[in-house]
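I opened this notebook to record what I looked up in the structure, one topic at a time. The entries follow the order in which I consulted the model.

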Amino acid sequence: MTLGLAAETAAAHPLAATPPEQEREDDHWRPAELESWAIEPPPPLAADSEYPLAAAFDPACSCNYSVNGITSYQHVVVHTMQGSYSGTKSWFKNPDAQVSCHYIMRSVDGEVTQMVLDKDKAWHVGSSNATSIGIEHEGYIDDPAKWYTWETYVSSARLARWLTTRHDIPVDRDHILGHVELPNQSHTDPGAGWNWDMYMGLVQDVVPQGQIQVAVVDRSKLCTITATVSTYLQRTAESTDLLTAPELCPIAAGTQVTYLHASAPIGARRRLLMEAGQGPCAGVNGLDAEAFVDPTHFTAMCAPAAMAAVGATVSLDGGPGLAVDANGFVNLPPVGPGSHALDVAGPGLYEPAADMVDLAVYPGVRVAIAVDPVAVEPPDPTGGETGGGETGGGETGGAGETGAGEVGGEVGGEVGETGLPDPTEAPTSGPDSGEPTTADGSSGEAEAGGDEAGPPVLSGAALPEGYGQNDEDGCACRSGAGGREGWLAAGLVLLGLGRRRRR
């Protein structure tokens, strides 16, 4: 048996023009010698992958797939290799394999290699080959905690979302399936250990390529939730027993957390974007800017409309301002990768704010910006002029320029030593509260199913990289306090005189 044949050799294999009479599925069998971790497949050809985040396009043997064999795009299929990344890559390049898949993924970091073009029919799901794009994930179904890493889930979700967008496949569980869920299959992958709820939440949370989604919130209405039990702010949406101490920030019951934006559910968690440098986890591995929480451990979250800076507009790179919707959301026109300037305005309503966003080739990015409402000073009854029967009024003053709110970003925190911190030892930053509150004291409970009502929600690694840039702290919002008790009575007297003069 030849191991890791070069593409030039494989391309001329006599089986290339005569695929098997019966459609093949990947039976996940690999020669034992290919599963040696010491064996490295030959380097890929100097060709570009269709998927922008793929490490390479390393084609399978042309005898292991059918050129132009896709008839329609109906499904994205999740597989488990039952083997190693390198061994699977070598096997798909081997003429004896008679199986293949479009994409393969490494567990430890989510690296992707494309091995079959999307237009070609890979042999991975038997009778559904002609309508399916397959993703093979490194590992074994009987050890999901080891192989189904957060990096795998985030990378696979981005790839799946890119495929559904490119090929107009609905983003739901009827069209994103496991190998076992297609008809006439004899396999059980990805198995019961694959977290479908978290995976689909991550897929739906991805911001499409070239898009910048902005949530603009009124800083005087930020949502504050209170922990009802001792819990954590965490780096990923996984169960806390899969995380290490540096990936967790313990908080005690009664601790208050104020946020700018909350994602829709991602499995059993929701992701919060917050202003960096504040809150109970300030300075803890980026968990003060972006973190996942278990919503059942907190009072209810606020509806986006309760926090929205309604009336604000956002301009991209000096272009025209686009108004946010009732939830404070706006999708900006698609743009290319690089740095882009965002300017938020709301004349008479909000102080101007600005921010810079770094957009990757893929995915897009979601940012949350807090703006300060314009401060209104009360009229000065002693300083205005009264003439011609008119009552003089005070001027309305505005606060000085303020920076944009925190842009949510990727949470840092490297995997470190095991042993989780005790949340009961964490400090408490505020009293218990039975209801969610915004900074102005009003409540706004989010509807069931998540507080996203505007643009599609996206992560993640699950969100995309680029979040977490710091900005100016502090609040420029000021409430105009009344003067001495007598100024109101004096104003009424003046108003009465004015009216009598108009008669």
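The entries below cover the nonpolar cores, the aromatic pairs, the sheets and one helix.

**Entry 1. Status of the model**

I note at the outset that this is a predicted model.

**Entry 2. Nonpolar cores**

I first looked up the largest nonpolar core, which has 33 residues. I asked which of its residues touch the most other members. They are Tyr51, Tyr103, Leu159, Leu163, Tyr199 and Leu202. I then listed the elements that give two or more residues to this core: strands S3 (75–80), S4 (103–105) and S7 (132–137), together with helices H4 (150–166) and H5 (196–205). H4 supplies the largest share of the core, eight residues.

I also found a second, separate core of 27 residues. Among its members are Leu222, Cys249, Leu260 and Met307. As background, nonpolar side chains in soluble globular proteins tend to be buried together.

Returning to tyrosine 199, I looked up its contacts, leaving aside neighbours within four places in sequence. Tyrosine 199 is in contact with Val78, Tyr153, Ser156, Ala157, Ala160, Ile176 and Trp194.

**Entry 3. Aromatic pairs**

I recorded eleven aromatic pairs in the structure. I examined two of them in detail.

In the pair of tryptophan 150 and phenylalanine 292, the ring centres are 5.7 Å apart and the planes stand at 80°, so I entered the pair as edge-to-face. Tryptophan 150 belongs to helix H4 and phenylalanine 292 to strand S16 (residues 290–293); the pair links distant parts of the chain, 142 residues apart. Both tryptophan 150 and phenylalanine 292 are buried.

In the pair of tyrosine 153 and tryptophan 194, the centres are 4.7 Å apart and the planes at 45°, so this pair is tilted. Tyrosine 153 is in helix H4, whereas tryptophan 194 is in the loop between strand S8 (176–178) and H5, so the pair ties together parts 41 residues apart in sequence. Tyrosine 153 and tryptophan 194 are both buried.

Which residues do ring pairs link into a cluster together with Tyr153 and Trp194? I found Tyr148, Trp196 and Tyr199 in that cluster. At tryptophan 196 I also noted the charged end of arginine 173, which sits over the ring, 3.7 Å from its centre.

**Entry 4. Strand S16 and its partner**

Since phenylalanine 292 lies in S16, I looked up the surroundings of that strand. Both faces of S16 are covered. Glu290 and Phe292 on one side are buried, as are Ala291 and Val293 on the other. Strand S15 (residues 270–273) runs antiparallel to S16 and is joined to it by four bridges. Across this pairing, arginine 270 stands opposite valine 293.

**Entry 5. Two open sheets**

I looked up an open sheet of three strands, ordered S19-S9-S22, with mixed pairing. Strand S19 (329–331) and strand S22 (365–371) are the edge strands, each pairing on one side only. From one strand to the next, the twist averages 20°. Strand S9 (residues 212–218) and S19 run antiparallel and are joined by three bridges. In this pairing, valine 214 stands opposite valine 330.

I then turned to an open sheet of four strands, in the order S18-S17-S20-S21, where the pairing is antiparallel. Strands S18 (322–323) and S21 (353–359) stand at the edges with a single partner strand each, so one side of each has no neighbour in the sheet. Four bridges pair strand S17 (residues 313–316) with strand S20 (residues 338–345) in the antiparallel sense. Valine 314 stands opposite valine 344 in S20.

**Entry 6. Helix H2**

Is helix H2 (residues 85–92) largely enclosed or left open by the rest of the structure? Eight of its eight residues are buried, so I entered H2 as largely enclosed. The buried residues are Tyr85, Ser86, Gly87, Thr88, Lys89, Ser90, Trp91 and Phe92. They pack against S4, strand S5 (112–114) and S7. S4 and S7 are also among the elements that I listed for the largest nonpolar core.

Finally, I looked up phenylalanine 92, whose place is in H2. Phenylalanine 92 is buried, with a relative accessible area of 0%. Between phenylalanine 92 and cysteine 61 I noted a C-alpha to C-alpha distance of 6.4 Å, at a separation of 31 residues in sequence.

Methods: Residues numbered from 1 in each chain as written. Predicted model: local features only at pLDDT ≥ 70, side-chain atom pairs only at ≥ 80, totals over all residues. Heavy atoms only, no water. Core = buried A, V, L, I, M, F, W, Y, C linked by side-chain atoms within 4.5 Å. Buried < 20%, exposed > 50% of the residue type's maximum accessible area, 1.4 Å probe, protein only. Contact = heavy atoms within 4.5 Å. Phe/Tyr/Trp six-rings, centres within 6.5 Å; stacked < 30°, edge-to-face > 60°. Lys NZ or Arg CZ within 6 Å of the ring centre and 35° of its normal. Pairing = 2+ DSSP bridges. Axes fitted to C-alpha atoms, helices over the stretch in contact; angles between N-to-C directions.
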